[in-house]
Amino acid sequence: MAVSPEEVKAMVQYQMGALMALCKAQGTRLAHVKPHGALYNMAAKDYELSLAICQGIKDFDPELIVLALSGGELARAQKTWDFAPRWRFLRTVPMRRTVLL
């Protein structure tokens, strides 16, 4: 799947917005983000794609915790952003409430 960085950023923000609305309806808040499926696999190998994902997350909510594969391109891309301490690598983050789709 070939997508531009602008398309990736928009997709990530759209999906986070939808998930944030579901969380709000359930009385909880969005605390962390992890790209899933093909996007996650592509980001692990594609630095430019990973930069677009990082920008989308940072612009949406720089307080979100982002989960990334240690040693992957997404993990490398996050180092260019101010919110690096909010990243988690192959670590479970305790959650009070889970919203399943």
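This report describes the side-chain contacts, cysteines and strand pairing of a predicted model.

**Salt bridges**

The count of salt bridges in the model comes to 2. In one of them, the side chains of D59 and K9 meet with an N to O distance of 2.7 Å. Because D59 belongs to helix α3 (residues 47-60) while K9 belongs to helix α1 (residues 5-25), this pair ties together parts that lie 50 residues apart in sequence. D59 has a relative accessibility of 41% and so counts as partly exposed, and K9, at 26% relative accessibility, also counts as partly exposed.

The other salt bridge joins the side chains of E73 and R76, with an N to O distance of 2.8 Å. Here both residues lie within helix α4 (residues 73-78), where they are 3 residues apart, or about one turn of the helix. R76 is partly exposed, since its relative accessible area is 42%.

**Charges over rings**

R76 takes part in a further contact, for this residue lies over the face of Y47, at 3.7 Å from the ring centre. R76 is thus named both in the salt bridge with E73 and in the contact with the ring of Y47. A contact of the same kind involves K34, whose charged end sits over the ring of Y40, 3.8 Å from the centre of that ring. As for rings paired with one another, a search of the whole structure finds 0 aromatic pairs.

**Cysteines**

The structure holds 0 disulfides. Two cysteines may nevertheless be described by their accessibility: C23 counts as buried at 6% relative accessibility, and C54 is likewise buried, with a relative accessible area of 0%. The accessibilities given in this report are set side by side below.

| Residue | Relative accessibility | Class |
|---|---|---|
| D59 | 41% | partly exposed |
| K9 | 26% | partly exposed |
| R76 | 42% | partly exposed |
| C23 | 6% | buried |
| C54 | 0% | buried |

**Strands**

Strand β1 (residues 32-33) pairs with strand β2 in the parallel sense, over 2 bridges. Within this pairing, the bridge partner of H32 is I65, a residue of β2. Strand β2 (residues 65-68) is covered on both faces, with I65 and L67 buried on one side and V66 and A68 buried on the other. I65 is therefore, being under the 20% cut-off for buried residues, one of the buried residues of β2 as well as the bridge partner of H32.

Notes:
Residues are numbered from 1 along each chain as its sequence is written. This is a predicted model: local features need pLDDT of at least 70, side-chain atom pairs count only at pLDDT 80 or more; totals for chains, interfaces and linings use all residues. Side-chain values use heavy atoms; hydrogens and water are left out. Rings of Phe, Tyr and Trp (its six-membered ring) pair if their centres lie within 6.5 Å; planes under 30 degrees apart count as stacked, over 60 as edge-to-face and the rest as tilted. A charge sits over a ring if NZ of Lys or CZ of Arg is within 6 Å of the ring centre and within 35 degrees of the ring normal. A salt bridge is a side-chain nitrogen of Lys or Arg within 4 Å of a carboxyl oxygen of Asp or Glu. Helices (H or I, at least four residues) and strands (E, at least two) are DSSP runs, numbered from the N terminus. Buried means under 20% relative accessible area, exposed over 50%, partly exposed in between (1.4 Å probe, protein chains only). A disulfide is a pair of cysteine sulfur atoms within 2.5 Å. Two strands pair if DSSP finds at least two bridges between them.
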